[in-house]
Amino acid sequence: MADALVVAALLLTAGAATGVVLTRDPGRQAIVLSGYGLALGVLFVVLQAPDVAMSQIGVGTVVLPLLVVLALRAARTAGKAARKRAAAREEDGA
Amino acid sequence: MTPRARTAVFFAGAAGIAVLLLLALPGMPSFGLGAHPYGARAVRAGTDQDTPNIIASVNFDQRALDTVGEELILFAAALGAVVLLRAVRDERLRAGGDLRHGPADVFDALRLTGALLLPVTLVVGAYVVANGYSSPGGGFQGGVVLASALHLVYLAGDYPALKRLRPIPPFEVAESSAAALFVVSALAAGALTATERGARTVPWLNAVVGVEVACGFVIVLARFFEQALEIRPRRKEAR
Amino acid sequence: MSWAVYLVPLWILLVGVYGVATTRDLVHAIVCVSVAQSSTYVLLLLVGYRKGGTAPVFSDIAPGSRPVTDPVVQAMALTDIVVGATITAMLLALAVQVAKRRGTLDPGELRSLESAATDGHR
């Protein structure tokens, strides 16, 4: 019984990892990453490691997706502004 | 290199790793049945020092110098992220930027839930840090819980309230002092006798690490918030 | 055949590196690096597992009454997870600065060191 649980948790984790990588849009990927963090947390509990599971759920489900979403937003606004400035500079030079 | 060539190189490398590991893996001890000599000794040392949570004992007592290294990596990475995210010469912190992003127009129930959950989660975080000595928990996990607890206010839609709740300079001071205190405490613990070491050092080191991790994450997230929501390029004068 | 469980960390590692090799967005690449990193945690904990064992915490059981899983690998994985998150934060800060200077997050367009897009510090 315990073995079946370990195997099931491992397969769930492998599937979630594949899902994270195959989600190309970073905004959506942050949410799938949150789900992957939860799957990893469940795996760690099944492997009798509650400390590691606590750490993983706190970090991988909350902090990491928040960081990714904020960085994405900052990068997108900055990228748009940079492209606009480059276009303006090219117009001036032309 | 074209994308197709890059993918081909990747598959060649992955095949190499897979072959090497498939040759090595059958030699591993049976899953779940191997002997853990180091683990058995660690358990015995932990129970001798009266520390019920053996993992906390390993982290803060038996291998505390290792944890000092990890602490310093964490501190340096947080410092690096903050330095990389400061407003540079041709940018400015847009005044009133925080008001532009909240309080959001969300249901009152959501905002109330966020406000009510804040003290509860803070207490849970402090509990996890404090009880790391005897039950699962500890400084690292508790610090993360404390940091995420603070951001429940933002998740309930109120960014200005979050800014009021965490003025950055006190958090920076707290983080640096906690890091320094951890190093000093870990080195000073060498002066204690072996019997005193476990019960004296582990709770204190737990608390210091909890403060350091929580403040580190709050500061890094604060800088990311500024970058995402407030910093804008300085408008150049018309030529 | 019980060594087949160790194929899962191998799969996660390779999938993560595949994501980095075929990405078209730097933030996606950073998340894939984080996934590849998590494969090491899984491997460490699989090595430390003991059948019929429980967590190495003796707050409610007497020492020696039940087999316990290995505490040393758990201690390693625990600190590693938190530190790995701050490293990812630093990588994301780098990505934000790249976007600011070059206007794009696509590795295909970022190849040369000359910044054709922006340079306000001339």
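This report describes a predicted model with chains A, B and C, covering confidence, chain A, chain B, the contacts and the nonpolar core.

## Model and confidence

The model is predicted: local features need pLDDT of at least 70 and side-chain atom pairs count only at pLDDT 80 or more, while totals for chains, interfaces and linings use all residues. Residues are numbered from 1 along each chain as its sequence is written, and chains are lettered from A and ligands numbered from 1 in the order in which they are written.

For the complex, the predictor gives an ipTM of 0.90 and a pTM of 0.89. Chain C has a mean pLDDT (the predictor's confidence in each residue, from 0 to 100) of 87, and 92% of its residues reach 70 or more. Residues 117–122 of chain C have a pLDDT below 50; beyond near neighbours in sequence, this stretch has 11 contacts in the model. Two residues are in contact if their C-beta atoms, placed from the backbone, lie within 7 Å.

## Chain A

Chain A has three helices and zero strands, in the order α-α-α along the sequence. Helices (H or I, at least four residues) and strands (E, at least two) are DSSP runs, numbered from the N terminus. The C-alpha atoms of chain A fill a box of roughly 75 × 25 × 15 Å along the principal axes. The radius of gyration of chain A is 20 Å, whereas a compact globule of 94 residues would have one near 12 Å. This radius is taken over C-alpha atoms, and the globule rule is 2.2 Å times the number of residues to the power 0.38.

Of the 94 residues in chain A, 53% are buried; a buried residue has 20 or more other C-beta atoms within 10 Å of its own C-beta, an exposed one has 12 or fewer, and a partly exposed one falls in between, with C-beta atoms placed from the backbone. Among contacts in chain A between residues at least 6 apart in sequence, 51% join residues at least 24 apart.

## Annotated spans

An unreviewed UniProt entry places "transmembrane region" at residues 6–23, 30–47 and 53–75 of chain A. UniProt positions are given in the numbering used here, feature names are shortened, and annotations may be inferred rather than shown by experiment. In the model, residues 6–23 of chain A are 94% helix and 0% strand, with end C-alpha atoms 26 Å apart. Residues 53–75 of chain A are 100% helix and 0% strand, and their end C-alpha atoms lie 31 Å apart.

For chain B, UniProt (unreviewed entry) lists the same feature name, "transmembrane region", at residues 72–88, 109–130, 142–161, 173–192 and 204–225. Residues 142–161 of chain B are 80% helix and 0% strand, with 23 Å between the end C-alpha atoms. For residues 204–225 of chain B the values are 100% helix, 0% strand and 32 Å.

## Contacts with chain A

The contact between chains C and A takes 43 residues from chain C and 37 from chain A. On the chain C side, helix 1 (7–21), helix 2 (26–48) and helix 3 (71–102) each supply at least two residues. Helix 3 of chain C gives the largest share, 15 residues. By class, this side of chain C has 26 nonpolar, 13 polar and four charged residues. Ala, Val, Leu, Ile, Met, Phe, Trp, Tyr, Cys and Pro count as nonpolar, Asp, Glu, Lys and Arg as charged, and the others, Gly among them, as polar.

The contact between chains B and A takes 18 residues from chain B and 15 from chain A. Helix 7 (139–150) and helix 11 (194–229) of chain B each give two or more residues to it. The chain B side divides into 12 nonpolar, six polar and no charged residues.

## Nonpolar core

The largest nonpolar core has 134 residues, and those with the most contacts inside it are Ala71(A), Val27(C), Leu45(C), Leu92(C) and Ala95(C). Such a core is a set of buried Ala, Val, Leu, Ile, Met, Phe, Trp, Tyr and Cys residues joined through C-beta atoms within 7 Å. Not counting residues up to four places away in sequence, Leu45(C) touches Phe44(A), Leu47(A), Ala49(A), Val52(A), Val73(C), Gln74(C) and Ala77(C).
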